[in-house]
Amino acid sequence: MSAAGHLLRRIAPQLVTLAATLLLIAIVFPGFFEISIANGRLYGSPIDILNRGAPVALLAIGMTLVIATKGIDLSVGAVMAICGAVAAAAITSGMGLVATLALALGAGLACGLWNGLLVSVLGIQPIVATLILMVAGRGIAQLITEGAILTFSNEGLIFIGSGAFFSVPMPVLIWVLAGALVALVVRRSALGMLIEAIGINRRASTLAGINARVLLIAVYMASGLCAALAGIIAAADIRGADANNAGLWLELDAILAVVIGGTSLLGGRFSILASLIGAMIIQAVNTGILLSGFPPEYNLIIKAAIILVILVMQSPAVRTTLIFLRRDKTSSQSETEPVVQ
Amino acid sequence: MLSKKAWIGACAAASMGFAVSAATAQTIGFSQIGSESGWRAAETTLTHQEAEKRGIDLKFADAQQKQENQIKALRSFIAQGVDAILLAPVVATGWDSVLEEAQEAEIPVVLLDRMVDSSKDLYLTAVGSDLVHEGNVAGKWLVDATDGEACNIVELQGTTGSSPAIDRKKGFEDAIAGHDNLEIIRSQTGDFTRTKGKEVMESFLKAEDGGKNICALYAHNDDMAVGAIQAIKEAGLKPGEDILVVSIDAVPDIFKAMAAGEANATVELTPNMAGPAFDALAAYMKDGTMPPKFIQTESKLFTPDDDPMAVYEEKKDLGY
């Protein structure tokens with residue numbers, strides 16, 4: 001079977017779920033698929049999904065790598081708040097755009113380094129190690145903004161959040177490029193396989209000669225960098241750093257995106273593309289609820305119900321049953337191929 | 001999350017504990033919740049300013065969101081024999097015993113901004129804003145502004161289930177009830193944040209024919225309105241003209257938007273709760289005038305006629 005065929009099989013469940021979610025929205029809200037160009041940028045509900053989903057998509061890229069090493073990064077929401085605050089503080093203190101971005105991305109890398117050191121050098125369990133920054137991070141961000149929303153009016157920084165490049169909103173461009181870049185790097189080199197090896201058996205992979213310690217730190221730093229990008233976008237979008245609310249609970253959405261994408265929390269095999277589709281599914285549900293016009297009291301219940309259905313469909317029990325039923329039907333005709341997980 | 005001012009205040013309160021105030025000036029203790037929001041930071045700043053204006057020696061204690069710290073602060077105020085206590089309670093319950101101690105020491109207690117579930121005899125009065133009334137003022141403004149013309153309203157609610165969201169919604173609905181030209185066509189929560197305010201407004205615009213169907217936006221707080229204004233602009237419409245914007249709180253940033261013609265009205269939730277409290281205390285101490293049990297602060301309406309840039313300059317350094 002060709003590589004493309006393999007890939008398609010891998011992401012087929014996610015694509016089907018996304019299509020089903022979009023169709024469901026189109027039923028509740030008929031004008032859903034209309035896209036036009038307004039103010040020199042694409043305009044329409046599907047664009048909103050791509051645009052609003054940018055923070056979770058970016059977080060999901062880093063989270064996929066972390067989860068593939070059998071880790072988890074709970075701090076990404078707080079890191080978003082820190083980096084947004086750093087960017088806003090830097091630009092309002094008169095620094096240039098390039099320096100501001102470098103500082104904010106550097107803050108994200110530093111947060112990732114901190115997590116990575118706790119996990120790989122001190123050997124603290126990832127969920128505990130990253131919990132520290134999850135709690136402390138928002139406090140750090142609030143110290144930077146002094147508890148208020150730090151607003152700025154630098155056109156360059158704002159462009160990252162609400163500008164458009166060839167009609168494509170910048171946040172969309174950033175997450176698509178970041179996703180493509182990371183996917184290429186991990187899949188066109190042995191890096192992805194090494195990450196999977198650590199996730200499946202760190203001890204064995206160390207014995208086999210993989211420098212697990214450095215690789216783990218690098219993975220958490222990548223997650224921090226993705227969170228920094230997401231934080232800059234979130235701040236640029238509202239032209240201000242809101243330390244209390246930026247990225248609040250988004251770590252959970254990012255983990256959910258990875259899970260919907262079919263990557264196991266037990267580590268090992270991963271797919272960046274599937275996680276990104278997972279992020280879009282989550283945002284499609286969010287946007288769909290907003291468009292549907294239901295009273296806000298129903299938001300969380302509807303979201304939970306849809307996600308429950310998605311996860312049940314992907315659960316091992318249901319999958320095995322489906323395969324079993326299919327095999328029953330086709331067993332007389334041909335030999336079935338094993339489903340690629 | 002301590003702002004600089006709160007730090008200074010906390011340090012000052014700590015050092016004042018040891019200092020003996022020699023002057024004959026009144027000494028009033030103020031137990032503040034913390035500085036969880038810009039509004040609260042502004043309340044702290046204004047309380048200090050109002051005290052200074054009246055020559056009151058203010059002992060400030062920041063509770064960092066903990067009731068036990070507030071009870072400790074109150075006990076230390078009682079031990080120091082202050083003339084009165086201002087209390088912004090972090091929760092509603094559990095105040096009975098410490099309020100009784102204050103009563104036995106004959107120290108009047110004034111509640112600021114929030115209420116307690118204790119007997120009304122245990123405190124002198126409470127100063128606060130009426131959330132329903134705030135919504136009502138916003139609604140009345142829209143009734144007058146539309147002057148009988150048909151107007152479809154979209155509403156950005158606060159956090160679902162929170163009392164400001166429930167009350168501000170009710171007050172607004174009461175105000176527009178009976179005016180058939182006004183109709184709320186969409187209502188969704190924006191969680192009191194800019195990001196969600198912008199995201200929800202984007203979906204409102206898509207759902208209502210690119211916004212052509214929407215004549216006014218009512219947001220339960222200014223932050224959501226600021227986010228929504230950006231969404232309206234990005235959709236190629238003019239906020240303030242194509243879509244009227246009315247919101248509540250009167251934070252500095254909405255005045256900037258108002259000065260740019262992008263917001264039409266805001267109802268102030270004044271952070272100056274201490275002013276009325278000090279006035280009531282002064283009257284009570286002078287000749288024993290009992291204030292009413294609830295002193296409602298003014299829910300002032302601001303429009304572009306109120307020189308928004310001047311208000312912005314006035315408010316921007318309060319710590320919002």
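**Figure 1. Helix α3 of chain B lies across three strands in this predicted model.** Here we look at α3(B), which spans residues 67-80 and lies across β1, β2 and β3 of chain B. The helix runs at about 175° to β1(B). Beneath this title helix, it is worth following one strand pair: β1(B), residues 27-32, and β3(B), residues 84-87, pair in the parallel sense over four bridges. Which residue of β3(B) is the bridge partner of Phe30(B)? That partner is Leu86(B).

**Figure 2. Six strands of chain B form an open sheet.** Reading across the sheet, the order is β2-β1-β3-β4-β5-β11, and the pairing is parallel. Its edge strands are β2(B), residues 57-62, and β11(B), residues 294-296, each of which pairs on one side only. From one strand to the next, the twist averages 20°. As a friendly reminder, strands of a sheet pair through backbone hydrogen bonds, either parallel or antiparallel.

**Figure 3. Helix α10 of chain B lies across four strands of chain B, β3, β4, β5 and β11.** This helix covers residues 274-287. Among the strands it lies across, β4(B) takes in residues 109-112 and β5(B) residues 125-128. Relative to β4(B), the helix runs at about 160°.

**Figure 4. Chain B meets chain A through 29 residues of its own and 27 of chain A.** On the side of chain B that touches chain A, at least two residues each come from α2 (38-53), β7 (182-189), α7 (194-207) and α8 (222-234) of chain B. Which of these elements gives the most? It is α7(B), with nine residues. By residue type, this side of chain B divides into six nonpolar, 14 polar and nine charged.

**Figure 5. Two helices of chain A, α8 and α13, pack with their axes 9 Å apart.** Helix α8(A) covers residues 170-188 and α13(A) residues 272-292, and the angle between them is about 155°. That angle makes α8(A) roughly antiparallel to α13(A). Gly179(A), Val182(A) and Ala183(A) of α8(A) meet Ile272(A), Leu273(A) and Leu276(A) of α13(A). The residues of this contact divide into five nonpolar, one polar and no charged.

**Figure 6. One stretch of chain A, residues 334-341, has pLDDT under 50.** For chain A as a whole, the mean pLDDT is 92, and 96% of its residues reach 70 or more. Over residues 334-341 of chain A, the model has seven contacts beyond four places in sequence. Where pLDDT is low, the predicted coordinates should not be read in detail.

Notes. Residues numbered from 1 in each chain as written. Chains lettered and ligands numbered in written order. Predicted model: local features only at pLDDT ≥ 70, side-chain atom pairs only at ≥ 80, totals over all residues. Pairing = 2+ DSSP bridges. Axes fitted to C-alpha atoms, helices over the stretch in contact; angles between N-to-C directions. Contact = placed C-beta atoms within 7 Å. Nonpolar A, V, L, I, M, F, W, Y, C, P; charged D, E, K, R; others polar. Parallel < 35°, antiparallel > 145°, perpendicular 65-115°, else oblique. pLDDT = per-residue confidence, 0-100.
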